[in-house]
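Thanks for coming. Today I will go through how the chains of one assembly meet, one interface at a time. Please look at the structure first.

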Protein chains: 6
Amino acid sequence: MFLPNSFIDALADYESACYVIFGVPFDNTSSYRAGSRWAPDAMRQVSANFESYNPTFDIDLVDLPIHDAGNLETSASVDETLRDLYEDVKGLLNDGKLPIMLGGEHSLTYSTVKACAEFAGDDFGVLILDAHFDLRSEYRGFKHNHACVSRNILEQITKNLVSIGIRSGPEEEWVFAMENNLKYYTADDVESAGMVEVLKEAIEWLDCSQLYLSLDMDAIDPAYAPGLGTPEPFGLSARDVRTAIRTLAPFSMAFDIVEIAPEYDSGQTAMLGAKLMREFIASHAKSCTKV
Amino acid sequence: MFLPNSFIDALADYESACYVIFGVPFDNTSSYRAGSRWAPDAMRQVSANFESYNPTFDIDLVDLPIHDAGNLETSASVDETLRDLYEDVKGLLNDGKLPIMLGGEHSLTYSTVKACAEFAGDDFGVLILDAHFDLRSEYRGFKHNHACVSRNILEQITKNLVSIGIRSGPEEEWVFAMENNLKYYTADDVESAGMVEVLKEAIEWLDCSQLYLSLDMDAIDPAYAPGLGTPEPFGLSARDVRTAIRTLAPFSMAFDIVEIAPEYDSGQTAMLGAKLMREFIASHAKSCTKV
Amino acid sequence: MFLPNSFIDALADYESACYVIFGVPFDNTSSYRAGSRWAPDAMRQVSANFESYNPTFDIDLVDLPIHDAGNLETSASVDETLRDLYEDVKGLLNDGKLPIMLGGEHSLTYSTVKACAEFAGDDFGVLILDAHFDLRSEYRGFKHNHACVSRNILEQITKNLVSIGIRSGPEEEWVFAMENNLKYYTADDVESAGMVEVLKEAIEWLDCSQLYLSLDMDAIDPAYAPGLGTPEPFGLSARDVRTAIRTLAPFSMAFDIVEIAPEYDSGQTAMLGAKLMREFIASHAKSCTKV
Amino acid sequence: MFLPNSFIDALADYESACYVIFGVPFDNTSSYRAGSRWAPDAMRQVSANFESYNPTFDIDLVDLPIHDAGNLETSASVDETLRDLYEDVKGLLNDGKLPIMLGGEHSLTYSTVKACAEFAGDDFGVLILDAHFDLRSEYRGFKHNHACVSRNILEQITKNLVSIGIRSGPEEEWVFAMENNLKYYTADDVESAGMVEVLKEAIEWLDCSQLYLSLDMDAIDPAYAPGLGTPEPFGLSARDVRTAIRTLAPFSMAFDIVEIAPEYDSGQTAMLGAKLMREFIASHAKSCTKV
Amino acid sequence: MFLPNSFIDALADYESACYVIFGVPFDNTSSYRAGSRWAPDAMRQVSANFESYNPTFDIDLVDLPIHDAGNLETSASVDETLRDLYEDVKGLLNDGKLPIMLGGEHSLTYSTVKACAEFAGDDFGVLILDAHFDLRSEYRGFKHNHACVSRNILEQITKNLVSIGIRSGPEEEWVFAMENNLKYYTADDVESAGMVEVLKEAIEWLDCSQLYLSLDMDAIDPAYAPGLGTPEPFGLSARDVRTAIRTLAPFSMAFDIVEIAPEYDSGQTAMLGAKLMREFIASHAKSCTKV
Amino acid sequence: MFLPNSFIDALADYESACYVIFGVPFDNTSSYRAGSRWAPDAMRQVSANFESYNPTFDIDLVDLPIHDAGNLETSASVDETLRDLYEDVKGLLNDGKLPIMLGGEHSLTYSTVKACAEFAGDDFGVLILDAHFDLRSEYRGFKHNHACVSRNILEQITKNLVSIGIRSGPEEEWVFAMENNLKYYTADDVESAGMVEVLKEAIEWLDCSQLYLSLDMDAIDPAYAPGLGTPEPFGLSARDVRTAIRTLAPFSMAFDIVEIAPEYDSGQTAMLGAKLMREFIASHAKSCTKV
Ligand SMILES: [Mn+2]
Ligand SMILES: [Mn+2]
Ligand SMILES: [Mn+2]
Ligand SMILES: [Mn+2]
Ligand SMILES: [Mn+2]
Ligand SMILES: [Mn+2]
Ligand SMILES: [Mn+2]
Ligand SMILES: [Mn+2]
Ligand SMILES: [Mn+2]
Ligand SMILES: [Mn+2]
Ligand SMILES: [Mn+2]
Ligand SMILES: [Mn+2]
């Protein structure tokens with residue numbers, strides 16, 4: 001029997017699927033290290049390491065309608081790629097799917113958020129786990145650089161956005177965040193207040209039932225996630241990010257994991273990413289079951 | 001547009017395909033280095049590096065009916081895996097396909113050869129490019145160890161077998177080869193006589209129109225192919241192996257590439273393997289066109 | 001002066017030794033990543049990094065009777081290897097040695113536990129640090145797959161077994177564990193209750209003076225131990241595992257460290273493993289001294 | 001005494017320099033593997049491995065006026081980067097320098113060739129060592145993709161261009177080359193005719209005294225140069241490329257080495273590149289001395 | 001515009017600089033793993049990953065007078081290298097600079113401490129973060145082995161020294177430390193008492209306003225810093241070391257980071273080191289501003 | 001059955017051995033890359049990849065009296081290490097052994113040559129395969145730097161020395177070689193004249209029956225041997241070096257392989273080195289048999 005080259009346990013065909021995973025092998029605006037183009041395939045490969053059963057939620061992933069759509073055909077142009085991605089995500093939402101995007105770089109999140117925001121209407125918010133503000137208005141020649149994604153979301157899509165894990169940015173970003181009352185929590189905030197409390201506040205602030213959840217893996221400390229485009233020491237623990245994803249998944253209409261650069265470790269980061277994606281699905285599915 | 005996670009240019013569905021590529025991620029009898037289990041996926045990934053057009057044969061692979069069937073579901077037991085593989089290859093042959101197997105270890109070749117021999121009947125031969133005789137009758141507890149594949153073929157399937165590239169084996173294997181008049185050429189024979197002459201002799205000796213062609217990548221010198229299970233210095237040049245594959249493809253009813261261990265280089269060996277597979281297909285397709 | 005190629009500070013000959021370290025370079029049932037076959041040699045090499053003196057126990061390893069017996073000659077067959085290993089460990093116990101096995105894969109533990117159980121009689125228990133239950137009755141064609149070792153121990157040797165660090169397994173294993181009242185602690189249990197409390201309970205439950213202690217390195221979080229066969233995020237901290245080993249060593253009649261795959265990091269995991277082995281010896285030796 | 005962080009033996013200041021080496025850490029249109037952004041720094045680091053004296057030309061590099069200008073400040077936009085690069089190279093030429101560019105990707109060559117062509121006037125030609133035609137008119141969204149550089153040169157700058165080492169391209173490129181009488185030699189042509197003969201023909205065809213020489217490192221066989229963006233088997237030998245560079249340097253007004261991706265080996269390709277750059281300088285300097 | 005090959009944000013020339021960073025690529029007495037010779041260049045390269053603005057101290061590094069002097073020209077002889085280093089650091093101090101040395105191995109600290117002690121006079125102390133005592137009087141043939149640096153400082157320069165992070169040493173060192181009332185804190189001491197309390201005690205004990213701060217990166221746990229010459233498990237957390245550096249920088253007249261071996265990871269340790277150096281500068285500069 | 005941690009097929013005890021292999025893990029004068037300290041252990045590990053039977057000489061290594069003495073205990077001081085090495089090699093020669101040293105760096109060869117020269121008397125010569133002259137009189141503070149070994153041999157031991165493979169050195173070395181009529185062949189000489197002819201001339205020139213044969217692995221092209229301390233492009237082919245070793249072994253009283261740096265590849269260079277050592281032993285043993 002031949003097995004398809006897809007994520008393990010993603011056994012459903014497109015039609016019957018609720019969760020549609022897809023990769024976007026694009027990293028062409030990367031500023032420091034490139035290589036997140038290889039992340040979707042790396043995460044597929046490492047996914048075979050995991051058991052399908054999730055004991056926390058008593059959910060077996062093989063029983064869930066998960067589909068792996070493959071990778072988006074990309075251009076080297078960020079604008080073209082963002083345009084195609086936006087169209088495809090709109091298609092997924094219209095077909096009633098929950099999109100799970102595996103980047104690729106963080107700039108991609110702009111298109112998926114845009115498609116979700118249009119689909120969701122007013123009752124919508126964005127929660128980003130990231131070491132970086134990504135609030136630049138332009139970077140290294142591109143408005144849609146990965147370092148600008150939060151700014152583009154804030155200015156063009158929604159102001160209902162919370163960032164968790166922040167610890168790096170040029171002075172202008174810290175000023176912009178303050179002057180615009182951006183809601184954010186630094187990694188040190190999480191260390192002192194606890195992730196549970198931070199999430200409680202964030203959920204209250206967002207006050208929406210349709211969330212876009214974006215995990216820039218550099219939110220996590222490099223001890224757990226060394227394979228990154230722009231690693232930043234003194235980050236969140238793997239367990240705290242697990243807590244965030246388990247807590248937020250039931251409210252989420254879409255999810256992404258971006259900025260893994262698998263050439264810079266031996267699978268550690270892709271494995272943690274794949275695991276967190278599986279926690280997202282299990283938590284979301286459990287919440288559906290309970291209803 | 002989402003792209004499937006398959007070999008680049010393998011665009012056909014199963015029904016319309018002539019060439020069916022499949023992986024067998026199995027290396028459980030490996031004696032020195034394991035890791036050929038990762039070779040099929042590694043070759044898929046690196047295949048994206050290559051142009052679809054082959055100027056030597058004026059063939060564009062996108063125009064050929066090539067299908068990627070994915071990977072065989074394997075057991076950790078070599079006997080179970082060989083049994084399933086044999087059944088699946090029989091199915092491919094009965095469906096009129098030319099099977100292209102990407103190992104995995106060399107023991108797998110036993111099943112594919114067996115299926116082909118039964119399908120082909122008398123007009124059948126086997127040509128193996130390998131640094132090793134693989135003539136042991138048993139090794140480290142297994143009759144179907146990768147170090148025994150030629151012995152098993154000779155004793156159970158056909159004596160019409162030629163080995164090229166040989167340079168390593170226990171004394172018993174050299175004695176067995178001599179006493180049984182095994183037709184073989186060492187890597188040094190190829191160096192002195194030339195691959196063209198060696199192939200001419202081999203083809204005459206085999207005297208068949210249905211060939212099984214097996215490339216144990218360790219036939220090639222580690223300078224070109226460092227990522228191997230059992231590398232052996234002083235091997236064939238990449239160009240000589242290309243000559244062999246281009247020459248023999250038109251006669252071949254099946255092909256395999258085995259023993260690549262991608263953890264031991266940065267894609268070099270998987271890339272050479274993927275390229276040689278593409279030369280095989282182009283050469284074979286060209287010969288069909290000419291008829 | 002020439003130095004033998006053995007663990008540093010393992011200066012005793014076999015006869016005078018109390019602690020006998022040996023490697024078993026076997027990983028042929030590995031399901032995800034192979035490579036634990038290289039762990040014994042990797043641990044020997046990195047052991048040279050450490051000081052012989054242990055300040056916690058005020059013990060100098062050079063003063064202890066430690067012998068490095070080299071590596072077991074293995075077959076590629078798990079059954080043959082387990083049989084030979086069982087015989088050799090029986091020999092060690094009969095000679096009054098404390099066996100310290102460095103795997104290789106976890107399936108090996110079956111033979112060492114079996115030999116110890118027969119030697120110890122009723123006053124015997126097993127404590128396993130592992131991310132996985134290893135409770136499958138069969139896996140990928142083998143009853144003695146590394147994923148089955150706890151099941152085989154429970155059914156064939158002793159029910160007096162505790163697992164610590166558990167966080168992964170198919171649903172059947174969680175059900176089996178519950179239905180059979182298996183005593184286990186998840187990594188999250190340790191996080192919340194504390195390792196000291198968990199060990200206290202485990203020791204009470206086991207209620208024996210002759211313990212077999214087995215450390216599957218994947219019990220530890222991949223941040224500390226990335227070089228593993230089947231890494232699992234959200235694991236035990238290195239310090240907690242040190243606490244377990246220091247606490248349990250005085251009761252232990254044998255010890256093993258398994259599942260390190262040194263190809264997947266730059267020595268980090270082998271080094272932590274070698275260090276923990278040295279903590280085991282120092283703690284055990286100190287307890288003997290005190291008596 | 002503190003040493004500057006520059007190429008070894010590049011001891012001259014800008015004013016007194018004849019040879020000005022600079023890096024361009026840009027790879028943002030890369031199609032397969034990124035990473036040539038790291039090549040300039042990697043080549044600086046490995047340059048310390050080499051002796052300053054060149055016995056073939058009896059030239060000591062420490063006696064030559066070589067300056068390392070550092071790296072060009074790049075944008076992530078290829079158009080911006082090409083514009084800045086063009087201006088800077090014009091500046092170098094106007095200051096009487098011989099520019100030596102270390103990429104970065106091959107698209108950069110467009111700007112350096114353009115600046116040189118304008119400076120040189122009619123007596124000008126381009127010789128490119130490359131596995132690829134780079135004749136696409138557009139690729140993955142960019143007219144200035146690295147896969148288009150020869151096409152852009154031919155159409156916008158000069159038709160006096162020869163390519164050596166070619167072995168890969170889509171069918172359109174082979175057709176375009178034939179229909180436009182592009183002068184090129186495949187790697188197999190070099191293998192059969194010999195590099196000396198090929199160079200003789202190329203020099204006659206170019207018939208100019210001011211040459212731009214561009215070395216896309218993938219011209220070389222991956223056995224010698226595994227660390228590449230788009231490696232292509234069956235390439236030129238390191239010695240043949242050395243012959244080309246030694247022969248052509250005296251006619252050359254500028255030189256570049258591009259497409260080294262140092263993350264994919266352990267310094268081998270950067271070292272060969274740095275060595276070939278030093279052969280270029282020594283050969284050029286010797287020819288000046290002789291006059 | 002060409003950028004110099006120096007630490008990012010080190011934009012000042014020597015004359016106007018307050019902070020002078022320099023590398024010493026020397027590791028010739030290394031006992032276990034060599035390779036810290038590559039650390040200064042590795043840290044330069046990874047420094048480009050970081051934002052210039054430090055939000056904790058509201059300081060932008062581009063506004064500070066930081067100069068990168070390049071690397072010291074080293075001999076393979078530790079005595080020659082130490083002599084040259086001493087002279088150069090004296091020069092820096094006499095020119096009113098704050099020297100920041102990036103090793104290289106820990107033996108180098110002897111020269112920088114000596115130069116600082118002579119410059120500072122009585123009001124001087126040394127604080128070393130290290131897993132090791134480095135109290136040997138001689139090691140592997142050298143009095144100035146990296147394993148002897150604290151002993152040499154104590155006996156030849158000053159007894160006003162505190163070590164934090166200690167967890168490894170031969171028995172003689174623990175005895176020597178006790179008999180000589182050496183002030184030290186183990187990593188477990190920090191774990192139980194907290195870094196803030198430990199620093200408070202250390203500062204009181206040192207009772208000086210001119211501190212030499214030395215960070216042997218192996219003080220930090222290998223989870224955060226795997227790329228080391230002599231890694232030692234169970235170390236300090238990255239955050240605790242950040243606390244130490246932030247706290248002590250205002251009192252410090254010089255700083256070094258040593259023993260990073262960048263070949264043994266993918267930039268993780270060099271990145272943490274570069275980040276900590278930037279925390280040192282920002283904290284020190286802030287304290288100057290406040291006065 | 002436990003196997004010792006030694007070279008495969010080195011089954012003899014010291015007393016009965018003819019060939020005594022030992023490692024010297026010393027690289028403390030290394031100028032570019034360190035790491036040859038790890039070569040002896042790396043070569044031991046990879047030796048398990050090879051068959052014991054050598055078909056060229058019809059010799060089975062398991063039948064030969066080969067002993068692995070382990071590694072020399074080294075100091076970090078080259079003078080101390082050379083002194084101990086000299087004493088130990090004298091002991092080996094006095095015991096009637098043929099010493100086979102696996103470095104470590106090339107400076108070690110001084111001691112082994114010195115011991116052999118004293119033992120052999122007048123009928124003695126030295127043949128070195130090397131990319132480098134190693135003719136410096138002093139380097140980076142050491143008279144016994146690895147870059148000085150040939151100079152030290154010439155001036156203190158014997159002038160009967162031939163170098164093959166030379167392609168790098170400062171101008172002084174080329175001048176010294178010419179002025180002192182040093183007999184040497186460049187790698188390009190071997191390329192044009194052929195290794196067979198070069199060896200014929202070298203043997204005539206040396207005119208001795210007791211040869212010391214030293215293989216600095218950087219003689220070989222980095223395509224075959226990338227894992228080196230100071231790699232130099234455009235080197236000898238692996239086959240040519242095999243020819244040299246097979247031809248010279250019968251005349252050789254000792255042999256060494258030095259300068260392998262195993263951290264810089266995935267076993268390729270250590271494997272080629274181990275293979276060449278086995279060719280040396282087989283060729284030597286065959287010549288003894290024939291007498
Ligand atoms: Mn981001
Ligand atoms: Mn980020
Ligand atoms: Mn084979
Ligand atoms: Mn083979
Ligand atoms: Mn286990
Ligand atoms: Mn486990
Ligand atoms: Mn190109
Ligand atoms: Mn190219
Ligand atoms: Mn230290
Ligand atoms: Mn230390
Ligand atoms: Mn040498
Ligand atoms: Mn050399």
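Between chain D and chain B there are five salt bridges. This is a predicted model, so please keep that in mind throughout. One of the pairs to look at is D:Asp188 with B:Arg239, a salt bridge in which the closest N and O atoms are 3.2 Å apart. The same two chains also have 10 residue pairs in polar contact, counted where both residues are at pLDDT 80 or more.

Which helices of chain D supply at least two residues each to the side that touches chain B? They are helix H5, residues 171-179, and helix H6, residues 187-193. H6(D) gives the largest share of that side, three residues. By residue class, the side of chain D that touches chain B splits into 11 nonpolar, five polar and nine charged residues.

Now the extent of this contact. On chain D, 25 residues are in contact, and they meet 22 residues of chain B. The area buried between chain D and chain B is about 1,900 Å², with 53% of it on carbon and sulfur atoms. Three residues of chain D lose the most area to chain B, namely D:Tyr32, D:Glu171 and D:Phe234, and together they make up 34% of what that side buries.

How are these two copies related? A turn of 120 degrees with a shift of 0.0 Å along the axis lays chain D on chain B, at an RMSD of 0.0 Å. The two copies are therefore related as by a three-fold rotation axis. The C-alpha of chain D nearest to that axis belongs to D:Ala223, at 3.0 Å. Do the copies of this pair meet through the same surface or through different surfaces? Through different surfaces, because only 4% of the interface residues of chain D are also interface residues in chain B.

Next, chain D against chain E. How many salt bridges does the rule find across this interface? Zero. The rule also finds zero residue pairs in polar contact between chain D and chain E, and that count takes in only pairs with both residues at pLDDT 80 or more. On the chain D side, the elements that give two or more residues are strand S1 (2-3), helix H1 (39-47) and strand S5 (66-72). S5(D) provides the largest share, five residues. The residues on this side of chain D are seven nonpolar, five polar and five charged.

In this contact, 17 residues come from chain D and 17 residues from chain E. Chain D and chain E bury about 1,700 Å² between them, and 55% of that is on carbon and sulfur atoms. In chain D, the residues that lose the most area to chain E are D:Met1, D:Phe2 and D:Asn5, together 41% of what that side buries.

There is strand pairing across this interface as well. S1(D) is joined by two bridges to strand S5 of chain E, residues 66-72, and the two run antiparallel. D:Phe2 has E:Leu72 as its bridge partner in S5(E).

As for symmetry, chain D superposes on chain E by a rotation of 180 degrees, with 0.0 Å of shift along the axis and an RMSD of 0.0 Å. The two copies are thus related as by a two-fold rotation axis. D:Asn5 is the residue of chain D that comes closest to this rotation axis, at 2.8 Å by C-alpha. In this pair, 100% of the interface residues of chain D are also interface residues in chain E, so the copies meet through the same surface.

Let me turn to chains A and B for a sheet. Nine strands form an open sheet with mixed pairing, in the order S1(A)-S5(B)-S2(B)-S6(B)-S11(B)-S10(B)-S7(B)-S8(B)-S9(B). At the edges are strand S1 (2-3) of chain A and strand S9 (183-186) of chain B, each pairing on one side only. Within that order, S10(B), residues 210-216, and S11(B), residues 252-258, pair in the parallel sense over six bridges. There, B:Tyr212 stands opposite B:Ala254 in S11(B).

Last, the pairs without contact. Chain C and chain D are not in contact, and their closest C-alpha atoms lie 15 Å apart. Chain B and chain E do not touch either, with their nearest C-alpha atoms 15 Å apart.

Technical notes
Residues numbered from 1 in each chain as written. Chains lettered and ligands numbered in written order. Predicted model: local features only at pLDDT ≥ 70, side-chain atom pairs only at ≥ 80, totals over all residues. Heavy atoms only, no water. Contact = heavy atoms within 4.5 Å. Buried area = accessible area lost by both parts, 1.4 Å probe. Salt bridge = Lys/Arg side-chain N within 4 Å of Asp/Glu carboxyl O. Polar contact = N/O pair within 3.5 Å; in protein donor to acceptor, adjacent residues only side chain to side chain. Helix = DSSP H or I, 4+ residues; strand = E, 2+ residues; numbered from the N terminus. Nonpolar A, V, L, I, M, F, W, Y, C, P; charged D, E, K, R; others polar. Pairing = 2+ DSSP bridges. Least-squares fit on C-alpha atoms with pLDDT ≥ 70 in both.
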